[in-house]
Amino acid sequence: MNQLVFDRHRRLRQNAAIRRMVRETTLSVDDFIYPVFAVEGENIKNEIPSMPGIYQFSLDRLDEEIDEVVALGIPAVMVFGIPDHKDAVGSGAYHDHGIVQKAIRQIKARHPELIVIADTCLCEYTDHGHCGVIVDGDVENDQSLELLAKTAVSQAAAGADIIAPSNMMDGFVAAIRRALDEAGYIHVPIMSYAVKYASSFYGPFRDAADSAPQFGDRKTYQMDPANRLEALREAASDVDEGADFLMVKPGLAFLDILRDLRERFDLPLVTYNVSGEYAMIKAAALNGWLDEKQTVMESLISMKRAGADLIITYFAKDAVKWLREG
Ligand code: PBG
């Protein structure tokens, strides 16, 4: 009788110990960055309806959240602010006593060792909800750069360890790098949202940060999800302009882009497991349709496998608890 010839891949899967030995990718607490939302006001801990388990905190309640992050050993937070007042030029974004500046100072005073990353954008601070200045019905690039540079400097002055521009204006890394250097913040790295798609997966975040555009959409500045080569051009520009980290956002629907960047660039790569990705898993889990822990860990390991060094995720606290459980 003819012997069948084939490989026995299952040999390396036969028990948990062997699987552990041949596992190619692992997750660790060091991989995670946890987003936090600071809001003006007192005694506020507002759950975001589309993001169960994620809250907006007023500064007097923020410590409880940050203390938990530190106790879990998560190395970094990404801070977003929701101001009291919005205007056409987003002044709250670059005010010395803006909500984010106050939050950063408070966090750094209490936990100097925690890395605080500032999201540098205007959309939470503009009354029209766009990420820059509006001229003739669209976001004007170069005027917006000036405001973003001011925002970055004020965030660094408040103590931000890393500046993360997310606004998708052309030249934002160059403008922010120059402004930081001129203000003496030569040591503050830029984590560029280099490849940011105009994605529907940001929906829940816009509730959380009250930053939905009041007219139109973000398609003239954020990228078309259909494009792959353009992502390489965007990333190359940011590398040339002096970015220290590159980000791909969103995460799950863009893992191919993350892999493309991994193969081309040697900077640390970050992906943002965005609000809609969180909401989808949460909603299914709350309905009993998916196993939350397994689904989350599979998603996060996929981002690592695709090439991410770091993952910004609303699941960070849960993931660390699950990693500890084993
Ligand atoms: C600000 C910003 C957004 C997100 C991060 N920074 C929203 C947007 O671009 O509309 C989205 C994060 C998320 O969905 O979790 N521009």
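## Ligand Site

In this predicted model, a nitrogen atom of the ligand is placed 3.5 Å from an N or O atom in the side chain of S166. Two further side chains make polar contacts with oxygen atoms of the ligand: for Q222, a polar side-chain atom lies 2.9 Å from an oxygen atom, and for Y314, an N or O atom of the side chain is 2.6 Å from an oxygen atom. Taken alone, the ligand exposes 400 Å², and the protein buries 100% of that area.

The ligand is surrounded by 18 residues, of which K196, R206, K249, S275 and Y314 come nearest. Among these, K196, K249 and Y314 also appear in the ring interactions described below.

## Aromatic Pairs

The structure holds 10 aromatic pairs. One of them is formed by F80 and F205 in an edge-to-face arrangement, with 4.9 Å between the centres and 75 degrees between the planes. This pair links distant parts of the chain, since F80 belongs to strand β4 (residues 76–82) and F205 to helix α6 (residues 203–208), 125 residues apart. Both F80 and F205 are buried.

Y197 and F254 form a stacked pair, at 4.2 Å centre to centre and with 15 degrees between the planes. This pair also joins distant parts of the chain: Y197 is in the loop between β9 (191–196) and α6, and F254 is in the loop between β10 (245–249) and α8 (255–264), 57 residues apart. Y197 and F254 are each buried.

## Ring Cluster and Charged Groups

Ring pairs connect F37, F80, Y193, F205, Y272, Y278, Y314 and F315 into a cluster. Y314, one of the residues that come nearest to the ligand, is thus a member of this cluster.

Two lysines are placed over aromatic rings. K249 lies over the face of Y272, at 4.8 Å from the ring centre, and Y272 is itself part of the cluster. The charged end of K196 sits over the ring of Y202, 5.5 Å from its centre.

## Surroundings of V77

V77 is located in strand β4, the strand that also contains F80. With a relative accessible area of 0%, V77 is buried. Its contacts, not counting residues up to four places away in sequence, are with I33, Y34, V36, I66, V69, L114, I115, V116 and I117. V77 and T313 are 236 residues apart in sequence, while their C-alpha atoms are 9.8 Å apart in space.

## Helix α5

Helix α5 spans residues 172–182, and its buried residues are F172, V173, A175, I176, R177, A179 and L180. An α-helix has 3.6 residues a turn, so residues three or four places apart point the same way. Within the buried set of α5, F172, A175 and A179 illustrate such spacing, as do V173, I176 and L180.

The buried residues of α5 pack against β5 (115–120), α4 (141–158), β8 (162–165), β9 and α7 (229–241). Just after α5, G184 takes a positive phi of about 95 degrees.

## T295 in Helix α10

T295 is found in helix α10 (residues 292–306). Its relative accessible area is 19%; because the limit for a buried residue is under 20%, T295 counts as buried. A polar atom of the T295 side chain lies 2.4 Å from the backbone oxygen of D291. Not counting residues up to four places away in sequence, T295 touches I281 and L290.

## Backbone Geometry

Most residues other than glycine have a negative phi, and most peptide bonds are trans. The peptide bond from K249 to P250 is cis, with omega near -5 degrees. P250 lies in the loop between β10 and α8, the loop that also holds F254. K249 is one of the residues that come nearest to the ligand.

Two residues that are not glycine have a positive phi. N43 has a phi of about 50 degrees and is situated in the loop between β1 (32–39) and β2 (45–48). With a relative accessible area of 53%, N43 is exposed. D210 likewise has a positive phi of about 50 degrees and is found in the loop between α6 and α7. D210 is partly exposed, with a relative accessible area of 43%.

Key:
Residues are numbered from 1 along each chain as its sequence is written. This is a predicted model: local features need pLDDT of at least 70, side-chain atom pairs count only at pLDDT 80 or more; totals for chains, interfaces and linings use all residues. Side-chain values use heavy atoms; hydrogens and water are left out. Rings of Phe, Tyr and Trp (its six-membered ring) pair if their centres lie within 6.5 Å; planes under 30 degrees apart count as stacked, over 60 as edge-to-face and the rest as tilted. Helices (H or I, at least four residues) and strands (E, at least two) are DSSP runs, numbered from the N terminus. Buried means under 20% relative accessible area, exposed over 50%, partly exposed in between (1.4 Å probe, protein chains only). A charge sits over a ring if NZ of Lys or CZ of Arg is within 6 Å of the ring centre and within 35 degrees of the ring normal. A residue is near a molecule or strand if one of its heavy atoms lies within 4 Å of it. A polar contact is a pair of N or O atoms within 3.5 Å; within protein, one must be able to donate a hydrogen and the other to accept it, and residues adjacent in sequence count only if both atoms are side-chain atoms. Accessible areas come from the Shrake-Rupley method with a 1.4 Å probe; for residues, only the protein chains shown count as cover. Contact means heavy atoms within 4.5 Å.
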